[in-house]
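Before you set up any calculations on this chain, I would like to go through its fold with you. The points I have in mind are set out after the display.

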Amino acid sequence: MQSLQVSIRNATESDKNVVVALVNEVYEDCERHIWVEGHRRLTDEGFQLYCSENQLKIAEIDGTIVGCVVMSKADNAIELSMLVVHPHYRRQGIGTKLIDFGVKAARENGSNCVRLELLYPKYKDDPWKMNMKSWYRKLGFVYIRDADFKSYFPDLISDLALETVFSVFEKSLQ
């Protein structure tokens with residue numbers, strides 16, 4: 001298989017409609033059972049906030065947006081969240097390139113580690129989330145702990161449709 005030429009850049013205001021639609025489509029597909037009906041993972045306001053802080057990174061192929069990730073600094077770490085790859089471009093290394101981009105940025109910033117979180121149902125097997133856990137481990141991330149989702153995202157608690165587990169994974173850079 002031919003390697004795709006993926007470029008990664010900061011999001012701009014002109015990306016808003018495409019990125020907001022992509023993120024919500026992907027999360028609707030893989031997390032519809034976790035959230036109440038009508039929940040939107042990314043709003044226009046959220047996009048603008050991430051964009052204004054240069055936290056939202058866009059993956060493109062030939063000018064087409066194929067994925068994104070939010071990179072934020074916390075403690076002495078870089079946290080990656082809202083990792084999304086367009087369904088037609090999955091299993092082609094784009095998600096790995098987005099994570100590698102975050103790892104490289106963390107190293108350049110002198111961070112000690114990169115963190116990822118995973119939200120999944122507490123009492124129900126979720127094949128999608130199990131695959132994500134395996135993929136994180138394959139990329140060198142280690143399960144650290146289950147965290148309190150409410151302390152991270154207090155404004156989203158009322159949108160949860162069921163009990164969840166919020167696991168934190170870390171990749172040491174030392």
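The numbered points that follow go from the sheet to its helices and then to single residues.

1. Please bear in mind throughout that this is a predicted model. The sheet is a sensible place to begin: seven strands make up an open sheet with mixed pairing, and their order is E1-E2-E3-E4-E5-E7-E6. The edges are formed by strand E1 (7-10) and strand E6 (142-147), each of which pairs on one side only. Averaged over the sheet and with direction ignored, neighbouring strands are turned by 30° against each other.

2. Strand E4 (residues 77-85) deserves a closer look, because nine of its nine residues are buried, so that the strand is largely enclosed by the rest of the structure. On one side, E4 runs antiparallel to strand E3 (residues 64-74), to which it is joined by seven bridges, and among the bridge partners are Met-71 and Leu-80, the latter in E4. E3 and E4 form a hairpin in which two residues stand between the strands, and Asp-75 in the turn has a positive phi of about 55°.

3. How do E4 and E5 pair, in the parallel or the antiparallel sense? The sense is parallel, and the pairing extends over four bridges, with Ala-77 having Cys-113 as its bridge partner in E5. Between these two strands the chain passes through helix H3 (residues 94-108), and the resulting β-α-β crossover is right-handed. H3 itself lies across E1, E2, E3, E4, E5 and strand E7 (164-172), and runs at about 165° to E4.

4. Helix H1 (residues 16-31) is placed across strand E2 (56-61), E3, E4 and E5, and its direction makes an angle of about 85° with E4. With 16 residues, H1 reaches 21 Å from its first C-alpha to its last, which is close to the 22 Å expected at 1.5 Å a residue. The buried residues of H1 include Val-19, Val-20, Leu-22, Val-23, Val-26 and Tyr-27, but also Lys-16, Asn-24 and Glu-31. Among the elements that cover the buried residues of this helix are helix H2 (44-52), helix H4 (127-138) and the strands E2, E3, E4 and E5.

5. Which side chains make polar contacts with the side chain of Arg-115? Arg-115 lies in strand E5 (residues 113-121), and it counts as buried because its relative accessibility is 11%, where the cut-off is under 20%. Its side chain makes a polar contact of 3.1 Å with the side chain of Glu-79, and a polar contact of 2.9 Å joins it to the side chain of Glu-170. Leaving aside neighbours within four places in sequence, the residues in contact with Arg-115 include Ala-74, Asp-75, Ala-77, Ile-78 and Leu-80, as well as Val-168 and Phe-169.

6. A last residue to consider is Phe-153, which is found in the loop between helix H5 (149-152) and E7. Phe-153 is partly exposed, as its relative accessible area is 25%. From C-alpha to C-alpha, Phe-153 and Tyr-123 are 21 Å apart in space, while in sequence they are 30 residues apart.

Definitions and conventions: Residues are numbered from 1 along each chain as its sequence is written. This is a predicted model: local features need pLDDT of at least 70, side-chain atom pairs count only at pLDDT 80 or more; totals for chains, interfaces and linings use all residues. Side-chain values use heavy atoms; hydrogens and water are left out. Buried means under 20% relative accessible area, exposed over 50%, partly exposed in between (1.4 Å probe, protein chains only). A polar contact is a pair of N or O atoms within 3.5 Å; within protein, one must be able to donate a hydrogen and the other to accept it, and residues adjacent in sequence count only if both atoms are side-chain atoms. Contact means heavy atoms within 4.5 Å. Two strands pair if DSSP finds at least two bridges between them. A crossover is right-handed if, with the strands pointing away from the viewer, the path from the first strand over the helix to the second runs clockwise. Axes are lines fitted to C-alpha atoms, for helices over the stretch in contact, and angles run from 0 to 180 degrees between N-to-C directions. The expected span of a helix is 1.5 Å times one less than its number of residues.
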